[in-house]
Amino acid sequence: MKARIEALLNEIENLKAQKEQEIEEARVRLLGKKGEITKLFEEFRNVDREQKKEFGQKLNQLKTLASAKIEELKEKAQASAGAAGASQNDLSAPGDSYPLGSRHPVSICREEIVKIFRKFGYDVAEGPEVEDDWHVFEALNFPPEHPAREMQDTFFVTDNEQKNPILLRTHTSSVQVHCMETMKLPIRVICPGRVFRNEAISARAHCIFHQVEGLYIDENVTFADMKQAILLFAREMFGPETQIRMRPSYFPFTEPSAEVDVSCNICHGKGCNICKGTGWLEILGCGMVDPNVLEASGIDSKKYSGFAFGMGVERIAMLKWQVKDLRNYFENDLRFLKEFESNI
Ligand code: DAH
């Protein structure tokens, strides 16, 4: 027995199994149910009393050494398998890409509107979002009792009873006034910007939205010039087949005023649920600048005339891309925003 223990000790010390399968075979051969060491433990029962202590120690030593060796070989095998795996990686493969952001649909649409008017020779002007009553209402010929001047419609920063209160602009028409006050004639500008109205939020209304205002002032500007500019814009924006129609309307700052519809780009005038069966979609308000408005900003209304128009960016974007709920523009749900990635 002693000789077998010595032989096994020697064998274990020199054990060189590398593959996991070889190691497992060695474990079974030595420590398995019918393994060499297990057999020795069975024989140990028959060993003489005097020799029990000596053999017992030797056997335990053998078992510990065998288990430790098997563990060591297993660890080595796993480490080298890991290293081999790593070296199989394709180091030239492209890395994981970062998700890229994209332009917001409202920005895309605003840029498109601006780009079209730039092509027609319009400059871009911007004005403050926090305004005074003069630029938003007074200089635009709003009578003192006009409902827009009530707290229900306008966010006031200062008391609305005081003279020329400060407020959040309710339309970008206020930028017209700045342009007329400061720019040299003739004026041909487009004014994109954010506006604020004290409205309940719904699918069709929001308290914050965007508008683009247009203004053209020169000698002999006529209603026909306005109609032509708007028609060309509509065709650039909604396609070359687009028709427009003008309906008489009222705004304090224009006379005469009109609302403009474009032929429905979904059903091409046949009538669908987007145009509510009419074949037409309203896109903007416009008119000839009221002489009172020209005079309020120091422009001679006998010599000069002009037209103005204003449109909601979200509305144009809704019509262009058939977005049914305005709130989508403000919630920034990535599933919605991603639909516009290709429009950058
Ligand atoms: N400011 C108007 C609004 O917010 C839009 C508008 C209508 C602007 C007619 C104009 C215009 O310049 O001529 O509803």
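## A patch of negative charge

Let's start on the surface of this predicted model. Here E150, D153, D159, E161 and E199 come together as a patch of negative charge. Take E150, one of the group: you'll find E150 in the loop that runs between α6 (133-136) and β3 (166-168). Its relative accessibility is 38%, so E150 counts as partly exposed.

## Salt bridges across the chain

Now for charges that pair up. Searching the whole structure turns up 19 salt bridges. One of them joins E129 to R194, with 3.1 Å between the closest N and O atoms. These two come from distant parts of the chain, 65 residues apart: E129 is in the loop between β1 (123-124) and β2 (130-132), while R194 belongs to strand β4 (residues 187-196). E129 is partly exposed at 28%, and R194 is partly exposed at 33%.

Another salt bridge brings D133 and R149 together, at 3.3 Å from N to O. D133 sits in helix α6 and R149 in the loop between α6 and β3, so this pair ties together parts 16 residues apart in sequence. Buried means under 20% relative accessible area, so D133, at 8%, counts as buried, and R149 is buried too, at 13%.

Then there's R327 with D325, a salt bridge of 2.8 Å from N to O. R327 is partly exposed at 30%, and D325 is partly exposed at 22%.

## A hairpin and a network

Strands β6 (residues 244-251) and β7 (residues 254-263) run antiparallel and are joined by seven bridges. They make a hairpin, with two residues in between. Within this pairing, R245 has D261 of β7 as its bridge partner.

R245 and D261 turn up again in a network of salt bridges, along with R247, E259 and E282.

Notes: Residues numbered from 1 in each chain as written. Predicted model: local features only at pLDDT ≥ 70, side-chain atom pairs only at ≥ 80, totals over all residues. Heavy atoms only, no water. Pairing = 2+ DSSP bridges. Helix = DSSP H or I, 4+ residues; strand = E, 2+ residues; numbered from the N terminus. Patch = residues over 30% accessible without salt bridge, like charges linked within 9 Å, V, L, I, M, F, W, Y side chains within 5 Å. Areas by Shrake-Rupley, 256 points an atom, 1.4 Å probe, with all protein chains shown as cover. Salt bridge = Lys/Arg side-chain N within 4 Å of Asp/Glu carboxyl O. Lys, Arg positive; Asp, Glu negative; His and termini not counted. Charge placed at Lys NZ, Arg CZ, Asp CG, Glu CD. Buried < 20%, exposed > 50% of the residue type's maximum accessible area, 1.4 Å probe, protein only.
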